[in-house]
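Please load the model in the viewer and keep the selection panel at hand. The tour proceeds by selections, each followed by an account of what is found there.

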Amino acid sequence: AAAWVAAWGGDAARANCVVMVGVWAACEVVRYACLAVGAVTEAPAGLKWLRYSAPVALFPLGAAASLALLLRLLVPLSLVPLTLPAAAAAALPASLPPLPPALAAALPELPDPTAAHAAAAALALLVPGLPYVYMHMVRQRMAHVGRGKAA
């Protein structure tokens, strides 16, 4: 779904994809660096602090990018415009640009109501789950590096 949104959604959707993947990659690089060093010796305090602090700081940015991508998936599939004010709905593009042929062959034919329902289900699960996941990361940080402790 993210590939379809990035291909059709224009620069804003591509920026959301870059932010979402960039945040995820940054957190994973720090996490795996900490695990690799920890497999050989005790991880330095600074790396351990970064391993538990980076996700707490970056999660809101990644979550916002994920939500924006899901909302962009709903807009072209005409679920959101039904609830938008008339002025906002009029600002939406009437038609989407053609999909590049290489991507068209790899992606299912759209609009597909199944994709819209999948995006709506993802939003229904993601929105209430975000505070739970974030608080889990905060608790993990407090358990491993303490409250406000620097390296």
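At its relative accessibility, does Lys48 count as buried, exposed or partly exposed? This is a predicted model, and in it Lys48 has a relative accessibility of 27%. Lys48 therefore counts as partly exposed, since the value falls between the 20% limit for buried residues and the 50% limit for exposed ones.

**First selection: Lys48 and its partners**

Select Lys48, which is part of helix H3. Then add the residues that Lys48 contacts beyond its neighbours within four places in sequence: Cys34, His144 and Val145. For a distance label, pick the C-alpha atoms of Lys48 and His144; they are separated by 8.1 Å, although the two residues are 96 residues apart along the chain.

**Second selection: the cysteines**

Keep Cys34 from the previous view, as it is one of the contacts of Lys48. Cys34 has a relative accessible area of 10%, so this residue is buried. Now select Cys17 as well. Cys17 is also buried, because its relative accessible area of 13% is under 20%. How many disulfides does the count come to? The count is zero.

**Third selection: the whole chain**

Zoom out and colour by secondary structure. The protein contains six helices and zero strands, and its pattern along the sequence reads α-α-α-α-α-α. Next, colour by accessibility: of the 151 residues in the protein, 25% are buried. With the surface switched on, the accessible area comes to about 9300 Å², and carbon and sulfur atoms account for 72% of that area. A contact map is a useful companion to this view. Among contacts with a separation of 6 or more, 73% join residues 24 or more positions apart.

**Fourth selection: the largest pocket**

Which residues are the closest to the centre of the largest pocket? The pocket holds about 490 Å³ of space. Of the 20 residues that line it, Cys27, Glu28, Pro55, Phe59 and Met137 are the closest to its centre. Select these five and centre the view on them.

Then display three helices in separate colours: H2 (10-40), H3 (45-74) and H6 (113-145). Each of these helices supplies at least two residues of the lining, and H3 gives the most, with eight residues. Recolouring the lining by residue class shows 12 nonpolar, four polar and four charged residues.

**Fifth selection: Asn16 and Arg72**

Move to Asn16, whose place is in helix H2. Asn16 has a relative accessibility of 17% and hence counts as buried, because this value is under 20%. Add the residues in contact with Asn16, leaving aside its neighbours within four places in sequence: Ala65, Ala68, Leu69 and Arg72.

From this group, retain Arg72, which is found in helix H3. At 30% relative accessibility, Arg72 counts as partly exposed, whereas Asn16 counts as buried. A line drawn between the C-alpha atoms of Arg72 and Asn16 spans 9.9 Å, for a pair that is 56 residues apart in sequence.

**Last selection: Ala120 and Leu71**

Finish with Ala120, which lies in helix H6. Its relative accessibility is 33%, so Ala120 counts as partly exposed. Add Leu71 and label the C-alpha to C-alpha distance: Ala120 and Leu71 are 8.7 Å apart in space and 49 residues apart in sequence.

Technical notes:
Residues numbered from 1 in each chain as written. Predicted model: local features only at pLDDT ≥ 70, side-chain atom pairs only at ≥ 80, totals over all residues. Heavy atoms only, no water. 1 Å grid on protein atoms, 1.4 Å probe; cavity = no way out; pocket = protein on both sides within 12 Å on 5 of 7 lines; lining within 4 Å. Points joined across faces, edges and corners; volume = space filled by probe spheres on them. Helix = DSSP H or I, 4+ residues; strand = E, 2+ residues; numbered from the N terminus. Nonpolar A, V, L, I, M, F, W, Y, C, P; charged D, E, K, R; others polar. Buried < 20%, exposed > 50% of the residue type's maximum accessible area, 1.4 Å probe, protein only. Contact = heavy atoms within 4.5 Å. Areas by Shrake-Rupley, 256 points an atom, 1.4 Å probe, with all protein chains shown as cover. Disulfide = S-S within 2.5 Å.
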